Each structure stands twice: as C-alpha cells, then as structure tokens.
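Here is a quick tour for anyone new to reading protein structures. Have a look at the sequence and the 3D view, then work through the notes underneath.

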Amino acid sequence: MLSRRNATVAAAVVVAVAWIASITVTVAHQDPPGAASPPELRTELTAALSGRDADALAGLFDVPGSGGGDLAKDYVGVLKDGNARDISVQLSPDEHSPTAAVVHGKTGAGEQFSYRLAVTSSKGRWTIAFTPPIP
C-alpha cells in the first residue's frame with residue numbers, strides 16, 4: 001500500500017513527465033520561421049507591418065535564439081509611434097528569387113519612407129534577416 005507521501009511524489013513525477021512531453025511535442029510541431037515562397041513572404045510581411053502584428057512579424061525573422069519576439073515588438077512600436085500607413089512591400093531584384101524586401105509607406109505627417117531588408121532562404125523557407133542586403 002502506498003503512503004500518502006509516496007502517492008504525492010508519484011503524482012508529481014507523472015505531472016512533470018506529462019509537462020515535459022507536451023512541451024517537446026509543441027516544439028517539434030512548430031513551423032520553422034519564414035514563409036514557404038517569396039510571394040508568401042511579401043504578403044505576410046505586408047500584413048504583419050500594416051496590422052502591427054509583432055507575433056506574425058517575429059515569425060518571419062531570421063534571428064538566432066529567442067530575440068525575434070523582442071525585436072518584432074520594438075519594430076512594431078516604431079511603426080505605431082510614427083503612425084505609419086499605406087505600407088507595401090516589393091521584392092527585388094526578382095519576385096521569385098529576391099535578395100531584398102523594400103518596404104514603402106507614409107508617416108502620420110504624410111512623408112514617404114522606404115527601406116530595404118535582406119531576404120534569405122534556407123531549407124525552403126524565406127525569411128527577413130537583419131543584415132545588409134546583397135546588391
């Protein structure tokens with residue numbers, strides 16, 4: 001017969017094992033960062049920037065470790081602070097094998113802005129990297 005203490009320890013071990021298993025399954029089934037194709041990257045990047053969606057933006061970054069979420073929050077914060085609008089993204093130099101994403105938009109004051117982000121591809125996934133784009 002199990003004592004109360006042994007039963008408590010056994011229950012704690014079962015809960016811990018179940019928790020570790022659920023985390024392992026969740027991590028194993030997460031989609032890799034990026035988009036499946038360049039046009040999908042353009043569409044998702046435009047939607048994330050226009051919608052100020054930090055989680056969606058973080059999923060497009062090629063940032064090592066867990067820094068993508070913080071970077072995306074800061075990035076979206078700058079867009080909000082500047083009241084950025086009319087955001088669009090063009091891939092260059094080629095829509096099907098780009099090396100850069102050019103982001104265009106307007107500030108709240110109506111001034112136009114644009115900047116380039118590097119586009120990378122690895123294992124069939126297209127991402128945004130914060131390295132200088134290759135000309």
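## Rings, core and charges

Phe61, Tyr75, Phe113 and Tyr115 come together as one aromatic cluster. Keep in mind that this is a predicted model, where local features need pLDDT of at least 70, side-chain atom pairs count only at pLDDT 80 or more, and totals for chains, interfaces and linings use all residues. Residues are numbered from 1 along each chain as its sequence is written, and side-chain values use heavy atoms, with hydrogens and water left out.

**The overall layout**

- The protein chain has four helices and four strands; these are DSSP runs numbered from the N terminus, with helices being H or I of at least four residues and strands being E of at least two.
- Going along the sequence, you meet them in the order α-α-α-α-β-β-β-β.
- The chain has 135 residues, and 26% of them count as buried (buried means under 20% relative accessible area, exposed over 50%, and partly exposed in between, with a 1.4 Å probe and protein chains only).
- About 8600 Å² of the protein chain is exposed, and carbon and sulfur atoms supply 59% of that (the areas come from the Shrake-Rupley method with a 1.4 Å probe, and for residues only the protein chains shown count as cover).
- Take the contacts between residues at least 6 apart in sequence: 46% of them join residues at least 24 apart (a contact means heavy atoms within 4.5 Å).

**The aromatic pairs**

- The structure holds three aromatic pairs (rings of Phe, Tyr and Trp, using its six-membered ring, pair if their centres lie within 6.5 Å; planes under 30 degrees apart are stacked, over 60 edge-to-face, and the rest tilted).
- One of them is Phe61 with Tyr75: the ring centres are 6.4 Å apart and the planes sit at 65°, so this pair is edge-to-face.
- Phe61 is in the loop between helix 3 and helix 4, while Tyr75 is in helix 4, 14 residues apart.
- Both rings are tucked away: Phe61 is buried at 4% relative accessibility, and Tyr75 is buried at 15%.
- Tyr75 also pairs edge-to-face with Tyr115, at 6.3 Å centre to centre and 65° between the planes.
- Tyr75 lies in helix 4 and Tyr115 in strand 3, so this pair ties together parts 40 residues apart in sequence.
- Tyr115 is partly exposed, with a relative accessible area of 26%.

**The nonpolar core**

- The largest nonpolar core has 23 residues, and those with the most contacts inside it are Leu41, Leu45, Leu49, Leu57, Ala101, Val119 and Ile128 (such a core is a set of buried Ala, Val, Leu, Ile, Met, Phe, Trp, Tyr and Cys residues joined through side-chain atoms within 4.5 Å).
- Helices 2, 3 and 4 and strands 1, 2, 3 and 4 each supply at least two residues of this core.
- Leaving out residues up to four places away in sequence, Ile128 touches several others, including Leu41, Leu45, Phe61, Ala101 and Val119.

**The salt bridges**

- Side chains of opposite charge can pair when their charged atoms come close.
- A search of the whole structure finds two salt bridges (a side-chain nitrogen of Lys or Arg within 4 Å of a carboxyl oxygen of Asp or Glu).
- Arg42 forms one with Glu95, with the closest N and O atoms 1.8 Å apart.
- That pair links distant parts of the chain, since Arg42 is in helix 2 and Glu95 in the loop between strand 1 and strand 2, 53 residues apart.
- Arg42 is partly exposed at 24%, and Glu95 is partly exposed at 27%.
- Asp86 forms a salt bridge with Arg85, and here the closest N and O atoms are 3.3 Å apart.
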